[in-house]
Amino acid sequence: MATINSNYDKLGGGYLFPEIGRRVRQFQAEHPGVKLLKLGIGNTTEALTPAVIDGLLAGVERLAHVETYTGYADDSTGETEMKKALQLFYRRFNVSLDLAEIFVSDGAKPDSGNIQSIFGIENVVAVQDPAYPVYVDTNVIAGRSGAFDARTGQYQGIIYMPCTQENGFFPQPPEEKVDLIYLCSPNNPTGAVATKEQLKIWIDYARARQSVIIFDAAYSAFIKDATLPRSIYELDGAKECAIEISSFSKVAGFTGVRLGWAVVPQALVVEGAPAGKVNWLWARRQNTFFNGASNIVQAGGVAALSDAGQKECQGLVDYYMNNARVIREGLQNLDYICYGGVNAPYIWMKTPHGLSSWEFFDLLLHDAHVVGTPGVGFGPSGEGYFRLSAFGHAADIEQAVASIRDHLKRQ
Ligand SMILES: *Cc1c(COP(=O)(O)O)cnc(C)c1O
């Protein structure tokens, strides 16, 4: 008799984007012809840059000839040229990595979801609240939680670390001992960026307890302030306690192309496993479950990391960050309280007049025809907040901000 993984039945809380879709479809059915301005999903909209296109085309061209054709890679953890390009990328932050510490993948979402599988089921998981939903959901599916408690909006057994105005949207370590700690900086959804001092507290905590930090740096290219860390390995001791996951999705527009990477340092130690073991486990896991990132796409990734590619990608980042400025300043001019949007492409606004996240969602949809994301969908501490994304065409962003100004001003 086959049975299902009944942990999936616990996933009651994960209804955010389907529910947004349902409300948007209902609105459009009732108001045909109204153009909606979507600042909801964090999805890139601008074309790939010329150097990257050249790299991808060169990758295709190599497959067109028997002399240069390649099939399966010998090792699914990435092509040497790609790993070397990432090694050079990290040198810019004074971080030196062995090629064997770099694992190329098809994205940061799969990596941040899969990484938990190399750790024991008994590990206690801690997440920022609010957080990117993948961290919690994948640990629920793996069986590291109890039931979802609709009253608290939390899964039992998972430690939620509130990120609020009071702590600058970055948590202190909790009282209890936690083993797997997910940190995302620059943060989706709050747009907050951890300082070196804030990360050091966590590194000290993790090293003292042999805990592991899973550091999601998918938005590191959006950091403009040179004093803020763009990799956790800029801090001493991080290699002993942190795995870093990152992506080409947001910086190079690879959301549909698919390319990311994980760094699993040889020096990482966990209870009962010597240095090197966790690195070996991730290699073993990837070689079993994954046949490597597309060779064409890796050629595009190498091009994105070239000097020309980096310059062009910075242009993409600047484009989206100008959108972020337009949203932030537009809302601040209307006396809304906003966070983020300076070193991250998300604006985290406080809903006005104590409205709930979903009440404000409906108001914005019906009165301004703007779609955003209710903060509570990212965790209970997101209640009373709302996320606006800077990913979009500049003209649409300006129209959305103008519409908010014209229709919500006297709320
Ligand atoms: C967009 C995003 C990613 C990127 O995922 P990919 O699978 O590489 O597209 C990872 N983490 C966070 C927090 C994100 O918002």
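Which helix does Gly315 lie in? Keep that one in mind while we look at a few close-ups of this predicted model.

**View 1. Gly315, a glycine within helix H10.**
The answer to the opening question is H10, a helix that covers residues 307-333. Gly315 has a relative accessible area of 36%, so it counts as partly exposed. Now look for Asn123: Gly315 and Asn123 are 192 residues apart in sequence. In space, their C-alpha atoms sit 41 Å from each other.

**View 2. A salt bridge within H10, between Arg325 and Glu329.**
Staying with H10, we find Arg325 and Glu329, both in this helix and four residues apart. That spacing is about one turn of the helix. Their closest N and O atoms are 3.0 Å apart, and the pair forms a salt bridge. Is either partner tucked away? Arg325 is partly exposed, at a relative accessible area of 33%, and Glu329 is partly exposed too, at 34%.

**View 3. Lys200 and Asp204 paired along helix H6.**
Here's a salt bridge in another helix, H6, which takes in residues 196-209. Lys200 and Asp204 are its partners, and their closest N and O atoms lie 2.7 Å apart. Once again the two residues are four apart in the chain, about one turn of the helix. With 44% relative accessibility, Lys200 counts as partly exposed. Asp204 is partly exposed as well, its relative accessible area being 39%.

**View 4. Asp179 meets Lys177.**
The side chains of these two residues come together in a salt bridge, with an N to O distance of 2.7 Å. Which partner is buried, and which is partly exposed? Asp179 has 14% relative accessibility, so it counts as buried. Lys177, at 42%, counts as partly exposed. As a general point, side chains of opposite charge can pair when their charged atoms come close. Across the model, the count of salt bridges comes to 11.

**View 5. Helix H1 packing with helix H11.**
Two helices meet here: H1, made of residues 16-30, and H11, made of residues 357-368. Their axes are 11 Å apart and make an angle of about 35°. H1 passes H11 in a right-handed crossing. On the H1 side, the contact is made by Leu16, Glu19, Ile20, Arg23, Val24 and Phe27. H11 brings Trp358, Phe361, Asp362, Leu365 and His366. Sorted by type, the residues of this contact divide into seven nonpolar, one polar and three charged.

**View 6. A closer look at H1 and its buried residues.**
How does the length of H1 hold up? At 1.5 Å a residue, its 15 residues should span 21 Å, and its end C-alpha atoms are 22 Å apart, which agrees. The buried residues in H1 are Leu16, Glu19, Ile20, Gly21, Val24 and Phe27. What do they pack against? Their neighbours are H11, strand S13 (370-371) and strand S14 (373-374).

**View 7. Two cis peptide bonds, each leading into a proline.**
One of them joins Asp129 and Pro130, and its omega is about 10°. You'll find Pro130 in the loop between strand S3 (125-129) and helix H5 (134-142). The other runs from Asn188 to Pro189, with omega near 20°. Where is Pro189? Pro189 lies in the loop between strand S7 (180-184) and H6.

**View 8. Phe169 and Arg258, with positive phi.**
Phe169 isn't a glycine, yet its phi is positive, at about 65°. This residue sits in the loop between strand S6 (159-162) and S7. Phe169 is buried, its relative accessible area being 4%. Arg258, not a glycine either, has a positive phi of about 80°. Look for Arg258 in the loop between helix H7 (249-252) and strand S10 (260-263). Is Arg258 buried or partly exposed? With 31% relative accessibility, Arg258 counts as partly exposed.

Technical notes:
Residues are numbered from 1 along each chain as its sequence is written. This is a predicted model: local features need pLDDT of at least 70, side-chain atom pairs count only at pLDDT 80 or more; totals for chains, interfaces and linings use all residues. Side-chain values use heavy atoms; hydrogens and water are left out. Axes are lines fitted to C-alpha atoms, for helices over the stretch in contact, and angles run from 0 to 180 degrees between N-to-C directions. A crossing is left-handed if the near helix is turned anticlockwise from the far one by less than a right angle, and right-handed if clockwise. Contact means heavy atoms within 4.5 Å. Ala, Val, Leu, Ile, Met, Phe, Trp, Tyr, Cys and Pro count as nonpolar, Asp, Glu, Lys and Arg as charged, and the others, Gly among them, as polar. The expected span of a helix is 1.5 Å times one less than its number of residues. Buried means under 20% relative accessible area, exposed over 50%, partly exposed in between (1.4 Å probe, protein chains only). A salt bridge is a side-chain nitrogen of Lys or Arg within 4 Å of a carboxyl oxygen of Asp or Glu.
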